[in-house]
Amino acid sequence: MAHKPTYKDLEQQVKESDNKYRNLLNTSLVGIYQSSINGDIFYVNQATATIFGFESPEEMLLESAIVRYKHPEDRKVLIQSLNESGSLKDFEFEALAKSGETKNLLVSAVLEGDTISGMIMDITGRKKAEKALRESEERYRSLFKNNHSVMLLIDPESADIVDANPAAVSFYGWSLEALTGKKITDINTLSDEQVFQEMGKAKTEQRQVFYFQHRLANGEIRDVEVFSGPIKAHGRELLYSIIHDNSKRKRAEQAVRDSEEKYHRLYKLMRLMADNMPDLIWAKDMDGRYMFVNQAMCDKLIMCDGPDRAIGMTDMFIAEQERNAGYENFFGEICVNSDAIIQERKVACRILQEGFVRNKYLVLDVHKAPFLDENSEMIGTVGCGRDVTNEKKVEKALKEGEIELARKNLRLEELNSALKILLEKRDEDKKVLEEKVLMNIQNLIIPYISKLEKTTLNDRQEIFVEIIQSNIEDILSPFAHKLSHKYLNFTPTELQVADLVKQGFRTKEIADLLNSSPETVSGHRKSMRKKLNLKDKKSNLRTHLLSLDNGYN
């Protein structure tokens, strides 16, 4: 027969299993905890302590779970959900860390009796990213609706006008409902086929600037300049178009030619407006020398005292001056020579330019176009640039955060699956171990203690027997109630008979071993079959008892 483990062996196995389980929980990246409904904390792992700003799980065990809720009503909702369904998943709430900092947490938990067991994830970073995204969308909506430039959102697949800002409503003369109920082909004087071809160029960014004739509500035809490119909005890819009325610009240019005095006034006004603009504005001649710059250009890129100081300079000359002064300046050299491209193609463009100015990294969102004289001859280039350095950094950080969050979510799912499997295996092993310990004591020890009591013992020996019985009861009591009722309703004699039957002894042999008669043993066998629901069945008693030990029934 195989060696039967001692109680100490079994106890050591349980301790080793429990240590492995605790080590796994303590190294988990997910917060894991157990608490009572009243808020007493029974267990937290290191991840939970870290989330709440505690140095160790032991420090957090001195706290009550209730004080960690920023809003007490959140805990009431959680407890109510657990009482109603026994579990809840992905419950969001705001918690207070040890420092008083607010944390956004996501918890999943189950209720067993008065004990709450669950997992906690810190989603504070994700919440901040979602808030930043909402604020970004709100800024876009504000810029779109409040901008004085005519703006349209157009679906390049259907030509539907999806949205229009108030400036567009004022320019075209239709109400917002009427304008968004039209297609751009209803406004553009080109054929439908030509309009779709031009939208295809804008969608694929082959071109950014277009010149069309647009029809107004009163039937008037206007020459317009359209800056158009792809943008994701309303859950789909649309064209974001800025429409400039060329007719007004031509009339303004004619007015300047008609009156020198008006020209000077207009120039002063333009200078005032340009210098108050946060965006960079400039004009260059055909050799790349600055003809005009605004104050923002001086402050952010050229780094000179005033606009007049920059006239006649080139980008390369300015960069060389900065380097001679000990600064890192490579902005004009590492960017694409867009001036040469505009001079060659004679069309406007929008580009992203980047480099170093006075040791600082700078990114500009630039619009450039040909600079034409009164005879439509190109005399240089004009441009405007917006500092988008911070926006690009935020965009990069958001993308990196999304990638990191996805990686952590995948890791957490894998750990959760592994924990579930280990917990199920541990519970199963523990149950089998408890049953074997109890059955072995009931079958192999207690019957012989009963026999020992019936023998002639002196007073000292009787005391030892009583001590042995008391100690065995103490050992069995913690887990005896967990054991299934397979055949614990047997009498002590029936347990002895059952053990000998399992070992293969026949009725007469059992009677000899127990100092009993074969008829008495047969009576015990019939009683056991009745208790095991085997009466009037052909099932073999020994086979059935062995199957109970192996956990088949």
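A salt bridge here is a side-chain nitrogen of Lys or Arg within 4 Å of a carboxyl oxygen of Asp or Glu. Keep that in mind for these exercises, which use a predicted model.

**Exercise 1. Find the closest N and O atoms of Arg-289 and Asp-287, decide whether the two residues form a salt bridge, and classify the exposure of each.**

Solution.
- Step 1: the closest N and O atoms of Arg-289 and Asp-287 are 3.2 Å apart. The cut-off is 4 Å, so the pair forms a salt bridge.
- Step 2: Arg-289 has 35% relative accessibility and is partly exposed.
- Step 3: Asp-287, at 57%, is exposed, because exposed means over 50%.

**Exercise 2. Which residues are joined with Glu-130 into one network by salt bridges that share partners?**

Solution.
- Step 1: start with the salt bridge between the side chains of Glu-130 and Arg-126, at 3.7 Å from N to O.
- Step 2: place both residues in helix α5 (residues 124-146), where they lie four residues apart, about one turn of the helix.
- Step 3: check exposure. Glu-130 is partly exposed at 31%, and Arg-126 is partly exposed at 27%.
- Step 4: follow the shared partners, and Glu-92, Arg-126, Lys-127 and Glu-130 come together as one network. The structure holds 33 salt bridges.

**Exercise 3. Is Glu-198 buried or exposed, and where does its salt-bridge partner Lys-201 lie?**

Solution.
- Step 1: Glu-198 has 14% relative accessibility; buried means under 20%, so Glu-198 is buried.
- Step 2: Lys-201, at 29%, is partly exposed.
- Step 3: Lys-201 lies in helix α9 (residues 192-203) along with Glu-198, three residues away and about one turn of the helix. Their closest N and O atoms are 3.4 Å apart.

**Exercise 4. What kind of aromatic pair do Phe-171 and Tyr-172 form?**

Solution.
- Step 1: the structure holds five aromatic pairs. In the pair of Phe-171 and Tyr-172, the centres are 4.8 Å apart and the planes are 80 degrees apart.
- Step 2: an angle over 60 degrees counts as edge-to-face, so this pair is edge-to-face.
- Step 3: Phe-171 is buried at 14%, and Tyr-172 is buried at 1%.
- Step 4: elsewhere, look for the aromatic cluster formed by Tyr-69, Phe-91 and Phe-93.

**Exercise 5. In which sense do strands β1 and β2 pair, and which residue of their hairpin takes a positive phi?**

Solution.
- Step 1: β1 (residues 31-36) and β2 (residues 41-44) pair in the antiparallel sense over three bridges.
- Step 2: for register, Gln-34 stands opposite Tyr-43 in β2.
- Step 3: four residues lie between the strands, and Gly-39 takes a positive phi near 105 degrees in this hairpin.

Methods
Residues are numbered from 1 along each chain as its sequence is written. This is a predicted model: local features need pLDDT of at least 70, side-chain atom pairs count only at pLDDT 80 or more; totals for chains, interfaces and linings use all residues. Side-chain values use heavy atoms; hydrogens and water are left out. Two strands pair if DSSP finds at least two bridges between them. Helices (H or I, at least four residues) and strands (E, at least two) are DSSP runs, numbered from the N terminus. Rings of Phe, Tyr and Trp (its six-membered ring) pair if their centres lie within 6.5 Å; planes under 30 degrees apart count as stacked, over 60 as edge-to-face and the rest as tilted. Buried means under 20% relative accessible area, exposed over 50%, partly exposed in between (1.4 Å probe, protein chains only).
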